[in-house]
Amino acid sequence: MTTATYWRALDRFRDIVAAHPEREAVIHPDGKTAAGLPQYTQLTYAELDDWSDAIAEQATAAGIAPGTRTIVLVRPGPELYAVLYGLFKIGSVPVVIDPGMGLFKMLRCLQAADAEAFIGVPEAQAVRIVFRAYFRKVKVAVTVGHCFWRGPTLESWGRKPTAALPDREPAPDSDPLLIAYTTGSTGPAKAVVLTHGNLSAMIDQVDAARDHVAPGTSLITAPVAGILELLLGSRCVLPPLIPSKVGATDPAHVVDAVERFGVKTMFASPAVLIPLLAHIEKHGDKLATLESIYSGGAPVPDWCIAALRDVLAEDARVYSGYGATEALPMATIESRELLGDLVEQAHDGKGVCVGKPALDVRARIIAITDDDLPTWADAEARLAGLAASRGIGELVVAGPNVSTRYFWPESANRSGKIVDGETVWHRTGDLAWIDEEDRIRFCGRKTQRLETADGPMFTVQVEQVFNVVPGVARTALVGVGERGAQKPVLCVELEAGADKKAVEERLTVRRSEFEIAEPVTAFLFHPKFPVDIRHNAKIGREKLTVWAARQLDD
């Protein structure tokens with residue numbers, strides 16, 4: 001018989017409910033005001049607790065048990081948190097994925113999840129019905145929203161349990177809590193197993209990052225941040241956004257939410273922060289209550305961080321976070337440290353400093369290779385290869401928040417993990433070096449490195465040299481041709497109104513001033529770079545490589 005379990009971290013949630021039952025847990029959009037701004041409604045901690053208890057009760061009655069993989073395709077909002085907390089309370093394993101990766105890619109990923117339950121919005125349920133062959137094992141399907149077919153809905157499950165949930169045992173830290181798919185924006189999508197211990201460690205890291213000060217009110221644009229913030233007692237404000245188009249979030253709505261609810265902490269990607277900064281500079285908004293910004297998903301441009309410091313309160317903190325689905329966070333750095341010599345060093349080709357490893361995270365550098373490295377002895381045997389890449393290698397990390405395995409595909413465990421006794425190192429696929437102060441200097445993705453006749457080149461390391469040229473919005477280094485003989489080409493996106501000829505002349509001069517930039521053979525101007533679907537910030541260099549090859553052939 002399966003042991004009834006729950007996520008131990010929910011004890012924190014229960015304590016908050018007991019102490020502050022009427023505190024708002026989730027503040028979310030619900031219509032518009034006469035002025036065209038979002039109208040908000042709220043869900044208290046007591047209501048969220050009751051609702052998630054009702055979901056846990058009904059899910060159990062429907063046959064969802066500890067360990068049952070349950071696909072969750074629900075838009076960010078109170079329903080999502082109620083569903084996730086309800087499943088966490090009974091030890092079920094939610095499977096989450098970004099639908100923006102494309103229908104058939106998503107279908108293949110969800111088929112591999114081998115799930116027995118499916119909780120989703122009507123559009124997701126329609127996909128399940130039409131493509132039923134991909135979901136043969138699903139026995140329980142619950143619709144979040146209006147149901148056009150027979151079957152239970154989240155509404156029919158109610159928002160209050162009929163009785164107290166039976167006592168359960170805390171699950172071991174090694175048990176799977178959540179399966180989260182990577183977007184596949186920098187490689188094939190993979191199903192990451194995040195354990196009870198992994199997420200619990202993330203809570204401790206978030207708490208430590210703010211010096212164990214109560215969070216107050218937080219603006220959330222990433223669901224995982226909401227999961228963690230609710231366990232720390234935050235009032236979570238969800239501004240209107242489209243998950244697959246985060247960059248389209250209206251900055252006026254963000255400003256309104258910060259000012260209306262007294263937001264102290266904001267979690268946002270550069271795709272949200274850059275338009276927000278432009279809006280603040282244009283309209284003079286003060287955001288006086290904002291004490292800290294945590295950004296992730298892609299590196300925040302240093303000019304954006306510097307400008308945010310200018311418009312926010314003197315004591316406000318701006319953190320640039322570095323992480324991945326498999327390890328969140330890996331490192332963080334605060335603006336005051338970054339905006340010293342570290343920015344100049346990045347512009348000189350030293351790589352972008354992403355900070356020191358996060359609490360209890362260990363980081364090492366291994367030689368660049370596409371081969372599997374089953375054991376740490378295999379990695380050590382290749383360390384001499386770092387000389388050929390000037391000490392830049394693949395970053396590997398280990399720690400309590402770092403996932404040690406993939407659910408799918410199995411091949412990802414061979415290519416992405418290194419066993420070192422009881423420790424499992426995660427191969428990040430990022431190229432970096434670690435300085436004498438234990439700070440990580442990010443240089444680019446391993447899959448996007450260039451192999452030229454004169455040796456390797458690394459995207460971010462080279463791009464930072466050119467990104468400071470006036471008139472340049474951003475750049476992307478790509479390699480055209482066969483590996484080992486690739487021609488380095490710099491794709492350039494101009495700032496609005498920039499003079500192309502003048503910018504090209506400046507780029508040419510800049511190239512001659514830095515040894516790592518000299519091999520660049522051409523500058524190609526692109527109207528708008530392709531970016532990733534989740535954060536709208538990671539540049540799609542693979543697509544630009546194809547585009548650049550065509551341009552050179554014409």
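**Note on helix packing, strand pairing and backbone geometry**

1. In this predicted model, helix H3 lies across four strands: E4 (69–73), E5 (93–96), E6 and E9 (176–181). The direction of H3 is at about 170 degrees to that of E4. An angle over 145 degrees counts as roughly antiparallel, so H3 and E4 fall in that class.

2. The strands under H3 belong to an open sheet of seven, ordered E7-E6-E4-E5-E9-E10-E20, with mixed pairing. Its edges are strand E7 (140–143) and strand E20 (406–408), each of which pairs on one side only. Ignoring direction, neighbouring strands in this sheet are turned by 25 degrees against each other on average.

3. At the E7 edge, strand E6 (residues 117–120) and E7 run parallel and are joined by four bridges. Within this pair, Ala117 stands opposite Val140 of E7.

4. Helix H5 (residues 122–130) lies across E4, E6 and E7, and runs at about 140 degrees to E6. Which residues of H5 are buried? They are Pro122, Ala124, Gln125, Val127 and Arg128. The cover over these buried residues includes E4, helix H4 (103–113), E6 and E7.

5. The loop between H4 and E6 holds Asp114. Although Asp114 is not a glycine, its phi is positive, at about 55 degrees. Asp114 has a relative accessible area of 29% and is therefore partly exposed.

6. H3 also packs against a helix. The axes of H1 (residues 10–19) and H3 (residues 78–89) come within 11 Å and cross at roughly 120 degrees. H1 and H3 are therefore oblique to each other. On the H1 side the contact is made by Leu10, Phe13 and Arg14, and on the H3 side by Tyr85, Phe88 and Lys89. By class, this contact of H1 with H3 has four nonpolar, no polar and two charged residues.

7. A second helix pair is H9 (residues 270–283) with H10 (residues 302–311), whose axes are 10 Å apart at an angle of about 40 degrees. H9 is therefore oblique to H10, and their crossing is left-handed. From H9, the residues Leu273, Ile274, Leu277, Ile280 and Glu281 meet Trp303, Cys304, Ala307, Leu308 and Val311 of H10. The contact of H9 with H10 comprises nine nonpolar, no polar and one charged residues.

8. Is strand E23 (residues 440–445) enclosed or open to the outside? Six of its six residues are buried, so E23 is largely enclosed by the rest of the structure. E23 pairs with strand E17 (residues 352–357) in the antiparallel sense over three bridges, and Val352 has Phe442 as its bridge partner there. The pairing of E23 with strand E22 (residues 423–434) is likewise antiparallel, over five bridges. In that pairing, Trp433 is bridged to Arg441.

9. E22 and E23 form a hairpin with five residues between the strands. Asp438 lies in this loop. Asp438 is not a glycine, yet has a positive phi of about 70 degrees. With 40% relative accessibility, Asp438 counts as partly exposed, whereas the residues of E23 are buried.

10. Two cis peptide bonds should be listed. The bond from Leu328 to Pro329 is cis, with omega near -5 degrees, and Pro329 is found in strand E16 (residues 327–334). The bond joining Trp408 and Pro409 is also cis, with omega about -10 degrees. Pro409 sits in the loop between E20 and helix H14 (410–416); E20 is an edge strand of the sheet described in point 2.

11. Where is Pro527 placed? Pro527 is in the loop between strand E28 (522–525) and helix H17 (541–553). The relative accessible area of Pro527 is 72%, so this residue is exposed. Its C-alpha atom is separated by 6.0 Å from that of Glu493, a residue 34 positions away along the chain.

Definitions and conventions. Residues are numbered from 1 along each chain as its sequence is written. This is a predicted model: local features need pLDDT of at least 70, side-chain atom pairs count only at pLDDT 80 or more; totals for chains, interfaces and linings use all residues. Side-chain values use heavy atoms; hydrogens and water are left out. Axes are lines fitted to C-alpha atoms, for helices over the stretch in contact, and angles run from 0 to 180 degrees between N-to-C directions. Helices (H or I, at least four residues) and strands (E, at least two) are DSSP runs, numbered from the N terminus. Angles under 35 degrees count as roughly parallel, over 145 as roughly antiparallel, 65 to 115 as roughly perpendicular and the rest as oblique. Contact means heavy atoms within 4.5 Å. Ala, Val, Leu, Ile, Met, Phe, Trp, Tyr, Cys and Pro count as nonpolar, Asp, Glu, Lys and Arg as charged, and the others, Gly among them, as polar. Two strands pair if DSSP finds at least two bridges between them. A crossing is left-handed if the near helix is turned anticlockwise from the far one by less than a right angle, and right-handed if clockwise. Buried means under 20% relative accessible area, exposed over 50%, partly exposed in between (1.4 Å probe, protein chains only).
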